[in-house]
Amino acid sequence: MAMASLQRFSSQISRTPSLKCIIRSTTTATSPSTSSKKVSDRIVKLFAIDYEGQKREIIGLSGHTLLKALTNNGLIDPASHRLEDIDACSAECEVNIAQEWLEKLPKASYDEEYVLKRNSRARVLNKHSRLGCQVVLTPELQGMVVAVPEAKPWDIP
């Protein structure tokens with residue numbers, strides 16, 4: 001009996017073009033293969049030079065920020081930068097990016113440049129400086145080299 005009802009319903013759908021379109025769009029929108037990539041497809045491998053000069057391979061995810069990758073790999077204190085919002089930024093996530101990679105990133109926004117200058121104090125601002133919270137990882141940044149400029153108090157035993 002249930003099978004007969006299902007067949008009747010399916011024949012009604014095939015006769016109503018507007019219903020076919022709605023059902024087709026909802027089934028394709030919820031399909032896992034089209035709605036999001038697998039995590040393994042989003043991996044972006046980077047190289048970070050820590051404050052001791054050691055080059056470390058770190059892993060981030062496409063769509064996440066460089067800050068998140070550095071935090072997850074223990075190079076930036078997570079408590080120093082709780083929000084990935086430029087208005088709340090204290091420049092604790094400042095990093096230096098190798099020239100060849102710097103050119104592949106979008107230009108720093110006015111707000112990012114302002115925060116970097118405001119927090120540079122007496123030192124000269126490095127042209128390679130960017131805020132990790134403002135750099136969004138993409139597959140094109142695979143292999144990017146960044147340096148964490150200085151030791152933070154939480155790093156020192």
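# Strand pairing, burial and charged contacts

Q: What makes E1 and E2 a pair of strands, and in which sense do they run?
A: E1 and E2 are joined by seven bridges in the antiparallel sense. Pairing requires that DSSP find at least two bridges between two strands, so E1 and E2 count as paired. Among the facing residues, lysine 45 has isoleucine 59 in E2 as its bridge partner, and isoleucine 43 stands opposite leucine 61. The hairpin has five residues between the strands, and glycine 53 takes a positive phi near 90° there. The model is a predicted one, in which local features need pLDDT of at least 70 and side-chain atom pairs pLDDT 80 or more, while totals for chains, interfaces and linings use all residues. Residues are numbered from 1 along each chain as its sequence is written, and side-chain values use heavy atoms, without hydrogens or water.

Q: How many helices and strands does the protein have, and how are they assigned?
A: The protein has seven helices and five strands. These are DSSP runs numbered from the N terminus: helices are H or I runs of at least four residues, strands are E runs of at least two. From the N terminus the order is α-α-α-α-β-β-α-β-α-α-β-β.

Q: Why are E1 and E5 also called paired?
A: Three bridges join E1 to E5, and the two run parallel. The pairing criterion is therefore met. Alanine 48 has valine 146 as its bridge partner in E5.

Q: Why is valine 95 called buried?
A: Valine 95 has 0% relative accessibility. Buried means under 20% relative accessible area, exposed means over 50%, and partly exposed lies in between (1.4 Å probe, protein chains only). Valine 95 therefore counts as buried. Valine 95 lies in strand E3, and its C-alpha is 5.1 Å from that of valine 148, although the two are 53 residues apart in sequence. Beyond four places in sequence, valine 95 touches residues including Leu66, Leu70, His128 and Ala147, where contact means heavy atoms within 4.5 Å.

Q: Which side chains of E1 are buried, and which are not?
A: The side chains alternate along E1: Val44, Leu46 and Ala48 point to one face and are buried, while Ile43, Lys45, Phe47 and Ile49 point to the other and are not.

Q: What makes a set of residues a nonpolar core, and how many residues has the largest one here?
A: A nonpolar core is a set of buried Ala, Val, Leu, Ile, Met, Phe, Trp, Tyr and Cys residues joined through side-chain atoms within 4.5 Å. The largest such core has 29 residues, and Leu46, Leu66, Leu137 and Met144 are among those with the most contacts inside it. E1, helix H5 (66–72) and helix H7 (110–120) are among the elements that give two or more residues to this core. H5 gives the most, with four residues. Leucine 137 is in contact with Leu46, Leu66 and Met144, among others, leaving aside neighbours within four places in sequence. Nonpolar side chains in soluble globular proteins tend to be buried together.

Q: How do you know that glutamate 112 and arginine 130 form a salt bridge?
A: The closest N and O atoms of glutamate 112 and arginine 130 are 2.8 Å apart. A salt bridge needs a side-chain nitrogen of Lys or Arg within 4 Å of a carboxyl oxygen of Asp or Glu, so this pair qualifies. Glutamate 112 lies in helix H7 and arginine 130 in strand E4 (residues 129–131), so the pair ties together parts 18 residues apart in sequence. Both residues are buried.

Q: What joins glutamate 113 and lysine 107, and how accessible are they?
A: Their side chains meet in a salt bridge at 3.4 Å, N to O. Glutamate 113 has a relative accessible area of 27% and is therefore partly exposed. Lysine 107 has 71% relative accessibility and therefore counts as exposed. The structure holds two salt bridges.

Q: Why does aspartate 50 have no salt bridge?
A: The nearest side chain of opposite charge, arginine 56, is 4.1 Å from aspartate 50; Lys and Arg count as positive, Asp and Glu as negative, with His and chain ends left out. The distance is not within the salt-bridge limit, so no bridge is assigned, although aspartate 50 is buried. Aspartate 50 lies in the loop between strand E1 (43–49) and strand E2 (55–61). A polar atom of its side chain lies 2.9 Å from the backbone nitrogen of glutamine 54.

Q: What makes the link between glutamate 94 and serine 129 a polar contact?
A: Their side chains are joined at 2.9 Å. A polar contact is a pair of N or O atoms within 3.5 Å; within protein, one must be able to donate a hydrogen and the other to accept it, and residues adjacent in sequence count only if both atoms are side-chain atoms. The pair therefore qualifies. Glutamate 94 has 8% relative accessibility and so counts as buried.
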